[in-house]
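Here's a quick briefing to read with the model open beside you. It goes through charged pairs first, then helices.

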Amino acid sequence: MLKTLKKDKVVTNELTSQMIKDRERLKSERPYVYEKLMKYLEKGNSPSNPYVARIDWAIGYECNFRCKHCFAKAFVGRSENRRMTIEQIKNVADQADKLGVFMINLIGGEPLIWPELDKIIDILDPKRFRLSITTNGWNLTQSKAKHLKLKGIDRICISVDSAFPEQHDSFRGKKNSHERALQAVKNSIDNNIVTQVATVVTHQNLRTESITQLLDWTNSLGVYMDLPVAAPCGEWLGKLDMLITEDDAAYIRNLRNKYPLVRRDIFPSPGLQGGCFAVKQTLYIIPTGDVLPCLLIHLSLGNVFNESLQKIRDRAFNITDFYNSSPTCLAAENKSFIDKYISKTFTAKELPVPYNIAWK
């Protein structure tokens with residue numbers, strides 16, 4: 001059973017007092033990042049103005065877990081023989097900076113076992129980007145959380161798959177991983193890092209007691225609860241039965257009546273419209289240099305080893321499905337997009353599917 005604490009934060013789609021304080025602190029401590037954020041809020045989310053605000057960046061896919069739903073599994077073989085050098089990371093980061101990107105999320109694999117993580121953070125530079133990390137929490141000790149806070153990490157997202165230890169440990173392929181994940185959440189909170197918990201939901205697990213208890217727990221802690229939905233990729237390649245239904249999506253929306261900290265990536269954020277953010281607001285870079293529309297769409301838009309990030313972004317924005325707004329997740333809910341594009345990954349010999357094949 002998860003221990004609950006008194007709730008002290010409420011999040012809505014409007015700016016809360018805490019959000020206002022966070023932005024004021026950002027304006028004071030990191031004026032350049034604040035300026036990019038304000039420019040994005042002013043000009044972003046418009047079909048006439050392509051503006052990528054965030055990059056999810058997998059420098060490497062090394063991992064100490066073997067998760068049953070790993071979306072990165074599709075690329076592990078290809079990425080083992082190619083990895084960006086610090087100089088290449090700096091080059092791409094410089095390009096992202098010029099494009100106005102204000103947030104970079106480091107994702108794996110497991111970023112906390114990257115040997116060059118500190119150098120990567122320094123190269124990215126928290127004075128020019130808001131930096132976050134997505135982690136399984138195993139190595140997020142109290143001292144590690146303190147170190148990351150000092151290095152300039154703004155946000156940490158810890159994956160917790162179940163309220164029940166045996167379920168989580170089995171899913172993650174690591175004994176005691178549930179205990180370590182819960183402790184990681186506490187360590188992040190203790191060091192005043194914006195903390196999120198992420199739990200992938202499927203049609204099968206959405207209404208279970210495990211998810212309900214996780215919602216109660218995160219709400220009591222006052223931390224965000226992200227509910228990314230299952231997509232037919234990675235270890236779940238082609239498994240359409242895992243996808244949520246329209247009723248499931250409505251159920252998640254209604255959860256906010258009781259759990260205001262619940263989030264989905266398609267939910268509107270303060271100052272922005274909702275809907276699928278692939279390409280319009282986010283891109284995903286993998287170790288091979290391929291740039292993908294998002295974490296779940298394993299179709300290449302181009303490669304930063306061969307052409308500029310701006311050229312890739314501009315070309316991607318001309319793809320009709322990204323130019324037009326989609327109220328649902330293209331990779332997990334839009335059946336037309338799945339049939340037309342995602343299905344190409346089901347039989348592909350190598351992923352990501354190259355641009356010239358993916359989008360023709």
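Lys151 and Asp122 pair up in a salt bridge, with their closest N and O atoms 2.7 Å apart. That link joins distant parts of the chain: Lys151 sits in helix H6 (residues 142–151) and Asp122 in helix H5 (residues 117–124), 29 residues apart. Keep in mind that this is a predicted model.

**Salt bridges**

- The structure has 17 salt bridges, and the Lys151–Asp122 pair is one of them.
- Asp122 has a relative accessible area of 48%, so it counts as partly exposed, given that exposed would take over 50%.
- Another pair is Glu307 with Arg315, whose side chains meet in a salt bridge at 2.7 Å, N to O.
- Arg315 is partly exposed too, because its relative accessibility comes to 22% and buried means under 20%.
- As background, side chains of opposite charge can pair when their charged atoms come close.

**The Lys36–Asp97 link and its network**

- Lys36 and Asp97 also meet through their side chains, in a salt bridge of 2.8 Å from N to O.
- Lys36 belongs to helix H2 and Asp97 to helix H4 (residues 86–98), so this pair ties together parts that are 61 residues apart in sequence.
- Buried or exposed: which goes for Lys36 and Asp97? Both Lys36 and Asp97 are buried.
- There's a wider network here, with salt bridges linking Lys36, Lys90, Asp94, Asp97 and Arg128.

**Helix H2, end to end and around**

- Helix H2 covers residues 31–43, and at 1.5 Å a residue its 13 residues should span 18 Å. The C-alpha atoms at its ends are 18 Å apart, so the expected span and the model agree.
- Which residues of H2 are buried? They are Val33, Tyr34, Lys36, Leu37, Tyr40 and Leu41.
- Those buried residues take up an arc of only 160° around the axis, so they lie on the same side of H2.

**Helices H7 and H8**

- Two packed helices are described by the angle between their axes and the distance between the axes.
- For helix H7 (residues 165–172) and helix H8 (residues 177–190), the axes come within 7 Å and cross at roughly 100°.
- That crossing makes H7 roughly perpendicular to H8, because angles of 65 to 115 degrees fall in that class.
- On the H7 side, the contact is made by Pro165, His168, Asp169 and Arg172. H8 brings Ser177, His178 and Ala181 to the contact.

Technical notes
Residues numbered from 1 in each chain as written. Predicted model: local features only at pLDDT ≥ 70, side-chain atom pairs only at ≥ 80, totals over all residues. Heavy atoms only, no water. Helix = DSSP H or I, 4+ residues; strand = E, 2+ residues; numbered from the N terminus. Expected span 1.5 Å × (residues − 1). Buried < 20%, exposed > 50% of the residue type's maximum accessible area, 1.4 Å probe, protein only. Arc of directions from axis to C-beta. Salt bridge = Lys/Arg side-chain N within 4 Å of Asp/Glu carboxyl O. Axes fitted to C-alpha atoms, helices over the stretch in contact; angles between N-to-C directions. Parallel < 35°, antiparallel > 145°, perpendicular 65-115°, else oblique. Contact = heavy atoms within 4.5 Å.
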